[in-house]
Amino acid sequence: MRADVIKKTRLNTPVHIEKYIYNGKPAYMIVNTIIGLDLGVLSARAADWLTDYYIDGTTVDAVLIDKYNASFHVQVTVRNR
């Protein structure tokens, strides 16, 4: 099902990042802003980097910029507080 959603989602589609806790660590779900369905989550490595590098930041913009099979690449803009 998720692969179908990703396949139908066009590049440059706005997405939003939903932060949650998974196994005691921050994790980030990527949600298609237009249809409201989740595309998946950031990899654990990307989530760790985002959490460590922008510990006091908030995401202000995210866009789907590339996809391949059931994978996707998201450009995330973060504003530091």
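This report covers strand pairing, a salt bridge and the largest pocket in a predicted model.

## Strands 1 and 2

Strand 1 covers residues 15–22 and strand 2 covers residues 25–32. The two run antiparallel and are joined by eight bridges. Within this pairing, Y22 of strand 1 stands opposite K25 in strand 2.

The connection between strand 1 and strand 2 is a hairpin with two residues between the strands. One of the turn residues, N23, has a positive phi of about 50 degrees.

## Strands 2 and 3

Strand 2 also pairs with strand 3, which spans residues 38–41. Here three bridges join the strands, and the direction is again antiparallel. I30 of strand 2 stands opposite G40 in strand 3.

Strand 2 and strand 3 likewise form a hairpin, with five residues between them. In this turn G36 has a positive phi, of about 75 degrees. Strand 2 is therefore joined by bridges to strand 1 and to strand 3.

In a regular strand the side chains alternate between the two faces of the sheet.

## The salt bridge

A search of the whole structure returns one salt bridge. The partners are D48 and K25, and their closest N and O atoms are 3.4 Å apart. D48 belongs to helix 2 (residues 44–53) and K25 to strand 2, so the pair ties together parts that are 23 residues apart in sequence. K25 is also the residue that Y22 faces across the pairing of strands 1 and 2.

Both partners fall between the cut-offs for buried (under 20%) and exposed (over 50%). D48 has a relative accessibility of 30% and so counts as partly exposed. K25, at 43% relative accessibility, is also classed as partly exposed.

## The largest pocket

The largest pocket holds about 260 Å³ of space. Its lining consists of 14 residues, and those nearest the centre are L42, A46, V74, Q75 and V76. Two elements, helix 2 and strand 5 (71–80), each give two or more residues to this lining. Strand 5 supplies the largest share, with six residues. Helix 2 thus appears both in the pocket lining and, through D48, in the salt bridge to strand 2.

By residue class, the lining of the largest pocket has 11 nonpolar residues and three polar ones. No charged residue is part of the lining.

Note on methods. Residues numbered from 1 in each chain as written. Predicted model: local features only at pLDDT ≥ 70, side-chain atom pairs only at ≥ 80, totals over all residues. Heavy atoms only, no water. Helix = DSSP H or I, 4+ residues; strand = E, 2+ residues; numbered from the N terminus. Salt bridge = Lys/Arg side-chain N within 4 Å of Asp/Glu carboxyl O. Buried < 20%, exposed > 50% of the residue type's maximum accessible area, 1.4 Å probe, protein only. 1 Å grid on protein atoms, 1.4 Å probe; cavity = no way out; pocket = protein on both sides within 12 Å on 5 of 7 lines; lining within 4 Å. Points joined across faces, edges and corners; volume = space filled by probe spheres on them. Nonpolar A, V, L, I, M, F, W, Y, C, P; charged D, E, K, R; others polar.
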